[in-house]
Amino acid sequence: MSTHTAYAIEIKVESRYLREQSDPSASRYAFAYTIHIKNTGAIAAQLIDRHWKIIDGNGELKEVQGPGVVGEQPLLEPGASFTYTSGCLLETPIGTMEGSYGMRAQDGHTFAAPIALFRLAKPNALN
């Protein structure tokens, strides 16, 4: 069994602006993001921790690290999925997030599942 197919996590992200929780006059822009995680590998793997890099429109970097996601450390059997929604606040109407999940496979192997860069943007902020 090759390492590539044994340990494979697919991550898809959807983000949205939360107008009702934002206050542009106070430089407060709220965003939600929904993460879909699927184990496409051949071995069960548990999400142990997360590491986020959040960059606002001014180029300010904030890093967030911690155990699990939304209070959980889900175990994903091959083919299984886990979906959750979380959020973040920015001081600008646009920004980006990217990061990784620290995973531990059932056989004890640890690996990082990368989360590709995605945009957080107030509607029409980029027009």
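Reader: Hi! Let's jump straight in: is Ser27 buried, partly exposed or exposed?

Author: Happy to! This is a predicted model, and in it Ser27 counts as partly exposed because its relative accessibility is 38%, which falls between the 20% and 50% cut-offs.

Reader: Nice. Where is Ser27 found?

Author: Ser27 sits in the loop that joins β1 (9-17) to β2 (29-39).

Reader: And what about the phi of Ser27?

Author: That one catches the eye: phi of Ser27 is near 55°, a positive value in a residue other than glycine. Most residues other than glycine have a negative phi.

Reader: Then what is the phi of Val70?

Author: Val70 also has a positive value, near 40°, and is not a glycine. You will find Val70 in the loop between β4 and β5 (75-76). With a relative accessible area of 45%, Val70 is partly exposed.

Reader: Back to the β1-β2 loop for a second. Is Ser22 buried or exposed?

Author: Ser22, which is placed in the loop between β1 and β2, is buried, because its relative accessible area is 14% and the cut-off for buried is under 20%.

Reader: What does the side chain of Ser22 reach?

Author: The side chain of Ser22 reaches the backbone oxygen of Leu18 at 2.8 Å. A polar atom of that Ser22 side chain also lies 2.8 Å from the backbone nitrogen of Ala30.

Reader: Which residues is Ser22 in contact with, leaving aside neighbours within four places in sequence?

Author: Those are Tyr17, Arg28, Tyr29 and Ala30.

Reader: Great, let's zoom out. How many helices and strands does the protein have?

Author: One helix and eight strands. Starting at the N terminus, the order is α-β-β-β-β-β-β-β-β.

Reader: What box do the C-alpha atoms fill?

Author: Taken along the principal axes, the box is roughly 55 × 25 × 20 Å.

Reader: How much of the protein counts as buried?

Author: Of its 127 residues, 38% count as buried. The accessible surface comes to about 7,200 Å², and carbon and sulfur atoms account for 46% of that surface.

Reader: What share of the contacts with a separation of 6 or more comes from residues 24 or more positions apart?

Author: That share is 65%. For a pair that is far apart in sequence, take Asp49 and Met103: they are separated by 54 residues, yet their C-alpha atoms are 7.3 Å apart in space.

Reader: Where is the place of Asp49, then?

Author: Asp49 belongs to strand β3. Asp49 is partly exposed, with a relative accessible area of 33%.

Reader: And what does Asp49 touch, not counting residues up to four places away in sequence?

Author: Asp49 touches Gly66, Pro67 and Gly68, along with Ser100, Tyr101 and Gly102.

Reader: Last topic, pockets! What volume does the largest pocket have?

Author: The largest pocket has a volume of about 180 Å³.

Reader: Which residues line the largest pocket?

Author: The lining is made of Ile54, Asp56, Glu60, Leu61, Lys62, Gly87, Cys88, Leu89, Leu90 and Glu91. By class, five are nonpolar, one is polar and four are charged.

Reader: Which strand gives the most to that lining?

Author: β6 does, with four residues. β3 (45-56), β4 (61-67) and β6 (81-90) each supply at least two residues of the lining.

Reader: Lovely, thanks!

Author: Any time!

Technical notes:
Residues numbered from 1 in each chain as written. Predicted model: local features only at pLDDT ≥ 70, side-chain atom pairs only at ≥ 80, totals over all residues. Heavy atoms only, no water. 1 Å grid on protein atoms, 1.4 Å probe; cavity = no way out; pocket = protein on both sides within 12 Å on 5 of 7 lines; lining within 4 Å. Points joined across faces, edges and corners; volume = space filled by probe spheres on them. Nonpolar A, V, L, I, M, F, W, Y, C, P; charged D, E, K, R; others polar. Buried < 20%, exposed > 50% of the residue type's maximum accessible area, 1.4 Å probe, protein only. Contact = heavy atoms within 4.5 Å. Areas by Shrake-Rupley, 256 points an atom, 1.4 Å probe, with all protein chains shown as cover. Polar contact = N/O pair within 3.5 Å; in protein donor to acceptor, adjacent residues only side chain to side chain.
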